[in-house]
Amino acid sequence: MLLLLLLLCALQPSVPLSLPTPPTKNYDVLIFGSGPTSLSLASLLTSSSSPPTVAIVSKDFSKPWIPNYGAWETEWSTISNSYDSKNVKNLSTLGVDHRWPDTSCYFNEGPPSESRVNVGASYIRVSRAGLKECFTDNKKYSVVEENHVARCVAPNVYEDGEAVVFDGEFTSFKLSGGTSISGKIIIDGTGAESTLTLRDKRENEGYQIAYGVEASVKGEGVGEDRVGDYERDKMTLFDYRIENFKEKDKVTNQPTFMYVMPLKSVNNSPRIFFEETSLVARPGVSFRACKSRLHERLKGMGVEVDEVFEEEFCYIPMGGEVARKGQRIVAVGAAGGLVHPSTGYQICRSLSCNLIVAEAIKEALDLKLKPDESAEFIYDKIWTEEQIKVRNFAVFGGEFLMTQNVEGLKGFFSGFFKLPYPMWHGFLAQWRTLPNSESHENWWRRMFFGVTFLTKIPPKTGLNMAKEIVLYTFKTKDLIQSVTPLFSGVEKFKESGRFRGETEGDVACKSEAREMIEESKGGEGGGR
Ligand SMILES: Cc1cc2nc3c(=O)[nH]c(=O)nc-3n(C[C@H](O)[C@H](O)[C@H](O)COP(=O)(O)OP(=O)(O)OC[C@H]3O[C@@H](n4cnc5c(N)ncnc54)[C@H](O)[C@@H]3O)c2cc1C
């Protein structure tokens, strides 16, 4: 039989011996990644009537999410209501693991009765498993559990030419498991280390580094209603005190703070999530330093970690620019620079932004735009001129925070929380569809915020800030552009007109050539 088969093949040299390539699967939308950004977007897109065809592409789709996400309750409830209205349900119930009615901070040294500041805003811990369930139960999108293998080296240029192929209607990918897949609109939700799209000025990024443990605790400092200085019915956002540390100079110059989420007791044993965090630094502080500080700080309060249930190594790049213009693939979430450049908050911003992204995708599909036009159209809806200016304002915030020692940061934040609630919360949210963002929505409101803030912080921190503003202004016009009407124009994605697909080619170059030909015709000798 085998001989016969070989003979047949020999007689018909045109018959290929290899297996035929499986047909490429085509979708309206391909979303790479399976973090909160990607799955929330897939759910929003497919929860409407007559949804587009959507596929999630990620090897990690079935794996649980790892980070402990924290958020302000007012943001979460706004997002839950919006998702509810789009038929993506249960974010406010399944998606929440714990609620604290108030949030505390410690900026001054001394006993908690003197140093504690309650900011009067409630906080939640997101239920990672519950939120994932909200986005995966009854899913109407396809899932391909493979990764892309593309490595972007220049806008729309990839190291391996086979990994991504652009054509007039579709973008096709050869995935890690050999599957061929293509989509009209391609979304990059592969996180901060994306290799699918490019963002500039990443060398200017700072890093939020934090070492966290979810643990049971023991010791003389553990009481019914408190663990050390931390009250069990409140979340602690910042404890910047340094009195419990031996090496005060080191902590002063490389500041970290404790972030505390007291959780429900298990078998009468108080459980708590502690995280020693460097807000933003370049280079990032060491995880080991955070870990030893965490234990030292707790020891000073008579608290000892008993059993560790989970460790968290948090690494969040912050700042840099948003996606480079002219790319055919749309970067969202951490991949798209949605991380708040001076706080590291991102989950609410991404979930909220996706409401805009989902609408833009549907509109682009209805308009039958070519892939490059669709990308430009969607980017333009995400990054309005004002949203870029708001982000630039926060990038300066991150730069300033990186220049401060612990005294500067204590001064900065104690002044920050003396601002009216809509102003400080608006700065932490800074996404136009989140509550209180209107207090940052235009240049004069941002200027008003800045000037009011300067009146709340200690004079030394104020002088430092004034100095940094001057130095920063020599480097870039971004801050002045954000808080004054000067240098008003920000280059928008749509205006860049860098890339318009195969049929139209590069419109900007063509019109420039046309203009130059006209100029030459008008001049001596004329042009052809
Ligand atoms: C430890 C930690 C704690 C954080 N805590 C908070 C917090 O409390 N509050 C807050 O607002 N923000 C927080 N953040 C920031 C931010 O919310 C998270 O980073 C968030 O997970 C980003 O979501 P994302 O979906 O954009 O990206 P990610 O969650 O990073 O998801 C990226 C996805 O892409 C997939 N992927 C990667 N490469 C490929 C490939 N080649 N092909 C296909 N798929 C690929 C990955 O498997 C993953 O599924 C935290 C971040 C970290 C790291």
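In the predicted model, α10 (385-402), α14 (459-475) and α15 (478-483) each supply at least two residues of the lining of the second largest pocket. Helix α10 gives the most to this lining, with 5 residues. The space in the second largest pocket amounts to about 600 Å³. Its lining is made up of 25 residues, of which K201, G320, E321, N392 and D478 are the closest to the centre of the pocket. Sorted by class, the residues that line the second largest pocket comprise 13 charged, 6 polar and 6 nonpolar ones.

The surroundings of the ligand were examined next. The ligand has 27 residues around it, and those that come nearest are T37, D60, Y69, G70 and Q346. Two of these residues, Y69 and Q346, also have side-chain N or O atoms at short listed distances from the ligand. For Y69, a side-chain N or O atom is 2.7 Å from an oxygen atom of the ligand. For Q346, the distance between an N or O atom of the side chain and an oxygen atom of the ligand is likewise 2.7 Å. A nitrogen atom of the ligand is involved in the case of N147, with a polar side-chain atom of N147 lying 3.3 Å from this nitrogen. On its own, the ligand has 970 Å² of accessible area, and the protein covers 82% of this area. Two or more residues of the shell around the ligand come from each of the elements α2 (36-46) and β20 (304-318). Strand β20 gives the most to the shell, with 4 residues. By class, the shell around the ligand consists of 15 polar, 10 nonpolar and 2 charged residues.

Aromatic contacts were also counted. The structure holds 38 aromatic pairs. One of them is formed by F107 and F413, whose rings are stacked, with 6.5 Å from centre to centre and an angle of 15° between the planes. F107 is located in the loop between β5 (102-106) and α4 (112-115), whereas F413 belongs to helix α11 (residues 406-416), so the pair ties together parts of the protein that are 306 residues apart in sequence.

Technical notes: Residues are numbered from 1 along each chain as its sequence is written. This is a predicted model: local features need pLDDT of at least 70, side-chain atom pairs count only at pLDDT 80 or more; totals for chains, interfaces and linings use all residues. Side-chain values use heavy atoms; hydrogens and water are left out. A residue is near a molecule or strand if one of its heavy atoms lies within 4 Å of it. A polar contact is a pair of N or O atoms within 3.5 Å; within protein, one must be able to donate a hydrogen and the other to accept it, and residues adjacent in sequence count only if both atoms are side-chain atoms. Accessible areas come from the Shrake-Rupley method with a 1.4 Å probe; for residues, only the protein chains shown count as cover. Ala, Val, Leu, Ile, Met, Phe, Trp, Tyr, Cys and Pro count as nonpolar, Asp, Glu, Lys and Arg as charged, and the others, Gly among them, as polar. On a 1 Å grid over the protein atoms alone, a cavity is a set of points where a 1.4 Å probe fits but cannot get out, and a pocket is an open set with protein on both sides within 12 Å along at least five of seven lines; lining residues have an atom within 4 Å of a point. Grid points are joined across faces, edges and corners, and a volume is the space filled by probe spheres set on the points. Rings of Phe, Tyr and Trp (its six-membered ring) pair if their centres lie within 6.5 Å; planes under 30 degrees apart count as stacked, over 60 as edge-to-face and the rest as tilted.
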